[in-house]
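Visitor: Got a minute to walk me through this one? I'd like to start with the surface.

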Number of protein chains: 2
Amino acid sequence: MIKIAVDAMGGDHAPVEQILGAMKAVETIDDIEITLYGDKATIEKTLKPHDRIKIVQSEGTIDMGEKDPIRAIRSNRKSSMAMALSSVRKADNDAVVSSGATQALIAGAHILVGRMKQMKRTAIAPVLPTASHKPFILLDSGANLEIKAEYMVQQAYFASIYAKEVLGVESPKVGLINIGTEEGKGRDLDNEAFQLFKSNKHINFYGNVEPKEVLDPPCDILISDGFTANIVMKTIEGTAKGMGKMLKEELKRGILGKIGLLLSAKNLVRFKKRMSPEEIGGAMIYGLKGVVIKAQGSSKADGFYNAIRQAAHVVRQDVIDKVTQVIESEAENE
Amino acid sequence: MIKIAVDAMGGDHAPVEQILGAMKAVETIDDIEITLYGDKATIEKTLKPHDRIKIVQSEGTIDMGEKDPIRAIRSNRKSSMAMALSSVRKADNDAVVSSGATQALIAGAHILVGRMKQMKRTAIAPVLPTASHKPFILLDSGANLEIKAEYMVQQAYFASIYAKEVLGVESPKVGLINIGTEEGKGRDLDNEAFQLFKSNKHINFYGNVEPKEVLDPPCDILISDGFTANIVMKTIEGTAKGMGKMLKEELKRGILGKIGLLLSAKNLVRFKKRMSPEEIGGAMIYGLKGVVIKAQGSSKADGFYNAIRQAAHVVRQDVIDKVTQVIESEAENE
């Protein structure tokens, strides 16, 4: 049995949607057991009892707008997020899924789960939809704003193993996010990373990729520092939101437009769904001793369910062990 | 009369679309004269003679994929781009409009037009459409990949004056592109820039802006270093392209969808047009002794015309002189 800790109290629609997601997960996935961390009385209002779901009482939550995430975690060891994270370190569970505040989850994962031996930096890595139906991994989406090129190499190992084991890509291609495709483009960091990726036998390096291909990338993994990749992620979100608004305005204009809009309603819903990262799952925090998945803060039941399914799959495929082997063997070779 | 130098040979559809754009410009704008730099015989095949358009013969062009732009400019002084730029330094013209290679144009502008006294770095600044019909300036979209915060302050002066004089915004708000809205977010550079902007009397500082608001920003100017802003620009482009592809696919599905698509055809064209940066004009290179506008490489006649109209407006409003006054008075106060 794969044991999943769910932070039931974190997220915009917590705990109801988190509970519904967990219920769907045990109903459809046979080899998992879920522990919901949260307020028992509140959870029981929504939860339909199931022999593979249990509740552990927590106290307090980590605020979404928390300005000092490290302090928040340290002073709320009994919060649902902190207890869920600690349960992985204690080996009570194999993975954590949380829709709580990203920075608090990253900080909490460092403190309470711990970084993999020899892994220099963590990364947060969402899987995003593309126009070609083949999702890609974007990292580091915000764990380390400034980073050395050699640490990016370790993150690329992780992403490559994840893409192979979880997304089923045979030999995943890694692209470096850059302002031009030619070798030599970009900042010093980008040039150093380019050279390290190019000469590394564990990395199938595609080369530089400009974000003007971001929804149809020629590779399975797009990597940059935590500031840049976070900016890319948020710009995709902002553009999608802005375009959606403009599209709605333009489609509504005129009588023909209005009829067209009615006839296309189902298609537009499908389009919207296809753009939603929740369809694929959450963002994994790379580099920890355990599996920690950050589901979107705005997750509804289906989105949260997808994140649980993803967590189970990562555990099932032994991703952490496989990465540890590569990282440690590389560290020995140095 | 405002005198505009047009690089007729640069761009994906040069010289035909550039010539058609220039013809439209002299027909609709009374106070401009245009000089087309390019191959006379080729130009005359398209150009309808006009008393406010003349041709100056050039030799050779700067390749769009030029890897060493500085060398390209230095060794092609008779190219249409180089001659157009030089004409501004010689005061034969007031402004240059080119759809040629961006990096070559930036390098050429430095060498042949020259940087404003006291201005430490140039910037390239497109004006982008928003969902709220109020365009915003994005800079630095790629002139200086790594930059000091104090130089960003000068660029913000320039953008503020441009927004006021050319876009007609009374007190333009400047937003710093960042990964979070709170003070203290981001890299060291972002934090330094935040403090300098906040305490500067020439800048109406809004604060940090996350790119998830990029098509509906709460300010008139979004600023970052040349790497980050370029990444933002290309991510907008990539997302728009990818979403357009997905939208088309989804709308076509099913018989109702197909009928809906037919009825919405005009609305979708309007939507596409609204997303096009060409509707607004080109990107100005800030910090030069003259007005240099980079029109999109893919410009058609209307897009190029918009860039010429923009160049004329920048000259008419004395933007360069107004910026020079602020920069020099600030330099004296140091």
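Guide: Sure, patch rules up front: patches are made of residues with over 30% relative accessible area and no salt bridge, with like charges joined within 9 Å and nonpolar side chains (Val, Leu, Ile, Met, Phe, Trp, Tyr) within 5 Å. Accessible areas come from the Shrake-Rupley method with a 1.4 Å probe, and for residues only the protein chains shown count as cover. A salt bridge is a side-chain nitrogen of Lys or Arg within 4 Å of a carboxyl oxygen of Asp or Glu. This is a predicted model, where local features need pLDDT of at least 70 and side-chain atom pairs count only at pLDDT 80 or more, while totals for chains, interfaces and linings use all residues. Residues are numbered from 1 along each chain as its sequence is written, chains are lettered from A in the order in which they are written, and side-chain values use heavy atoms, without hydrogens and water.

Visitor: OK, which residues make the nonpolar surface patch?

Guide: A:Ile255, A:Leu256 and A:Ile259 make that patch, about 300 Å² of it. A:Leu256 sits in helix H9 of chain A, residues 255-263; helices here are DSSP runs (H or I, at least four residues), strands are E runs of at least two, and both are numbered from the N terminus.

Visitor: And which residues gather in the patch of negative charge?

Guide: A:Glu146, B:Glu150, B:Asp188 and B:Glu192. A:Glu146 is in the chain A loop between strand E7 (136-139) and helix H6 (149-165).

Visitor: How many salt bridges over all chains?

Guide: The whole structure has 24. One pair is A:Lys134 with A:Asp220, whose closest N and O atoms are 3.3 Å apart. A:Lys134 is in the loop between strands E6 (127-128) and E7, and A:Asp220 in the loop between E9 (204-209) and E10 (221-223), so the pair ties together parts of chain A 86 residues apart in sequence.

Visitor: Switching topic: what turn lays chain B on chain A?

Guide: A turn of 180° with a shift of 0.0 Å along the axis, giving an RMSD of 0.0 Å. The two copies are therefore related as by a two-fold rotation axis. The fit is least squares on C-alpha atoms of residues with pLDDT of at least 70 in both.

Visitor: Which residue of chain B comes closest to the axis?

Guide: B:Gly260, with its C-alpha at 1.9 Å.

Visitor: Any odd backbone spots?

Guide: The peptide bond from A:Ala14 to A:Pro15 is cis, with omega near -5°.

Key:
Lys, Arg positive; Asp, Glu negative; His and termini not counted. Charge placed at Lys NZ, Arg CZ, Asp CG, Glu CD.
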